[in-house]
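Subject: Structure for you to look at

Dear colleague,

I am passing on the structure we spoke about, and below it you will find my notes on what turned up when I went through it. Please read them with the model open beside you.

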Amino acid sequence: MQNEQLNRLVPPLLSWFAENARDLPWRKDREPYHVWLSEIMLQQTRVEAVKPYYTRFLAALPDIRALADCPHDRLMKLWEGLGYYSRARNLQKAAQQITELHGGVFPRTYDEIRALAGIGDYTAGAVCSICFDLPEPAVDGNVLRVYTRLLCDDRCTDEPAVRKDIRAVLRKIYADTKKGQRGQLTQALMELGATVCVPNGAPHCDCCPLAESCQAHLTDTVGKYPVRKQKKARRTEDYTVYILQCGDRIAVRKRPKTGLLAGLWELPHLNGKRDAQAALDGAAEWHTGMAELLSVRSCVHIFTHIEWHMTAVHLLVTKMPDCFTWVTPGQLASETALPTAFRICLPEE
Ligand code: SF4
């Protein structure tokens with residue numbers, strides 16, 4: 001399909017979007033801080049899960065300067081449960097760059113935006129087109145899926161060169177799109193990929209505004225696209241995780257500054273899955289004293305590349321040694337950023 005044919009798909013796509021756009025909190029304005037924050041939160045995370053986080057985050061940190069100055073633990077607490085915590089760290093780093101290099105005003109060119117921490121081609125394209133109406137596409141999995149289906153493009157979309165090429169083609173389409181409509185085009189493509197040309201299961205071609213021109217639909221080959229590399233199997237790691245409880249306090253400690261869940265709080269744990277006796281023997285080295293074994297149960301948490309298979313051991317102990325920080329339920333709820341992987345090990349209330 002030539003550029004001209006792709007250009008012809010823009011008006012029906014925009015009309016469809018005007019009628020079908022979901023009412024999302026980050027679509028209420030084009031403020032770059034809002035759009036940027038939502039795009040970062042939406043990476044690897046479902047829209048419904050992001051909504052409450054987005055609202056809470058903006059209520060706590062209403063502007064870029066507040067984000068730049070936010071204490072680390074508070075920032076992590078606001079992000080707790082969203083996962084991929086480096087996104088939050090990079091957000092803050094970028095807010096500090098904006099404060100230092102741009103006087104606190106969000107930059108307006110692709111190159112300046114792309115140079116900020118944690119902002120790749122996709123996010124830069126989204127902010128440029130949605131906030132500043134620049135002819136920069138935002139090419140993510142949704143857009144690649146729609147594009148490759150429209151054109152029966154069987155190149156592997158995991159190849160950087162292929163993504164670059166698709167971006168270049170779309171950039172021409174954006175340049176030919178009327179000023180004032182480029183942000184709508186970005187959002188329409190995202191919306192079509194998220195709600196009609198869906199990633200899991202059959203796409204809803206019967207209500208797609210592009211169905212009459214879609215090569216995959218017309219040739220009944222939708223399932224072939226997009227072509228992806230085979231994913232590597234996740235590796236499994238086993239842990240025994242301890243809920244050491246003394247009175248109403250629970251032991252936590254900080255994780256190392258680098259690696260998975262860097263700098264967040266964690267529950268004490270040891271490598272390997274242990275039965276009750278082995279778990280008690282293992283915990284003896286912390287000198288917490290043992291009063292009672294309350295429960296042992298299994299929990300699983302899945303990261304992108306790793307699965308943690310955990311035995312969660314709830315122990316009543318008699319001492320609170322300094323090797324841990326002992327927090328109350330109130331602190332755990334409002335201050336201590338405990339990642340979901342550990343939070344699921346806590347006893348149910
Ligand atoms: S017609 Fe079907 S496969 Fe083609 S873009 Fe629309 S939803 Fe996707």
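Helix α3, which runs over residues 47-60, has 14 residues, and at 1.5 Å a residue it should span 20 Å; its end C-alpha atoms are 20 Å apart, so the expected and computed lengths agree. Please keep in mind here, and in all that follows, that this is a predicted model. The buried residues of α3 are V47, V50, Y53, Y54, F57 and L58. That spacing can be read against a general rule, namely that an α-helix has 3.6 residues a turn, so residues three or four places apart point the same way. As for what covers these buried residues of α3, the list includes α2 (32-42), α4 (64-69), α5 (72-79) and α6 (86-102).

Turning to the ligand, which residues surround it? They are R149, V196, C197, P203, C205, C208, A211, C214, H217 and V222. Sorted by class, this shell consists of eight nonpolar residues, one polar residue and one charged residue. The ligand itself sits in the second largest cavity.

Some details of the backbone also deserve a look. As a general background, most residues other than glycine have a negative phi, and most peptide bonds are trans. Y84, in the loop between α5 and α6, has a positive phi, near 45°, although this residue is not a glycine. Is Y84 buried or partly exposed? Its relative accessibility is 37%, and because buried means under 20% and exposed means over 50%, Y84 counts as partly exposed. C152 is likewise a residue other than glycine with a positive phi, in this case about 50°, and its place is in the loop between α9 (141-151) and α10 (160-176). With a relative accessible area of 24%, C152 is partly exposed. The peptide bond that leads from Y225 to P226 is cis, with omega near -5°, and P226 belongs to the loop between α12 (215-218) and β1 (235-246).

Finally, some figures for the whole protein, which has 15 helices and seven strands. Taken along the principal axes, its C-alpha atoms fill a box of roughly 75 × 50 × 35 Å. Of the 349 residues in the protein, 49% are buried. Among the contacts between residues at least 6 apart in sequence, 68% join residues that are at least 24 apart.

With best wishes

Notes. Residues are numbered from 1 along each chain as its sequence is written. This is a predicted model: local features need pLDDT of at least 70, side-chain atom pairs count only at pLDDT 80 or more; totals for chains, interfaces and linings use all residues. Side-chain values use heavy atoms; hydrogens and water are left out. A residue is near a molecule or strand if one of its heavy atoms lies within 4 Å of it. On a 1 Å grid over the protein atoms alone, a cavity is a set of points where a 1.4 Å probe fits but cannot get out, and a pocket is an open set with protein on both sides within 12 Å along at least five of seven lines; lining residues have an atom within 4 Å of a point. A molecule sits in a cavity or pocket if more than half of its atoms lie within 2 Å of its grid points. Ala, Val, Leu, Ile, Met, Phe, Trp, Tyr, Cys and Pro count as nonpolar, Asp, Glu, Lys and Arg as charged, and the others, Gly among them, as polar. Helices (H or I, at least four residues) and strands (E, at least two) are DSSP runs, numbered from the N terminus. The expected span of a helix is 1.5 Å times one less than its number of residues. Buried means under 20% relative accessible area, exposed over 50%, partly exposed in between (1.4 Å probe, protein chains only). Contact means heavy atoms within 4.5 Å.
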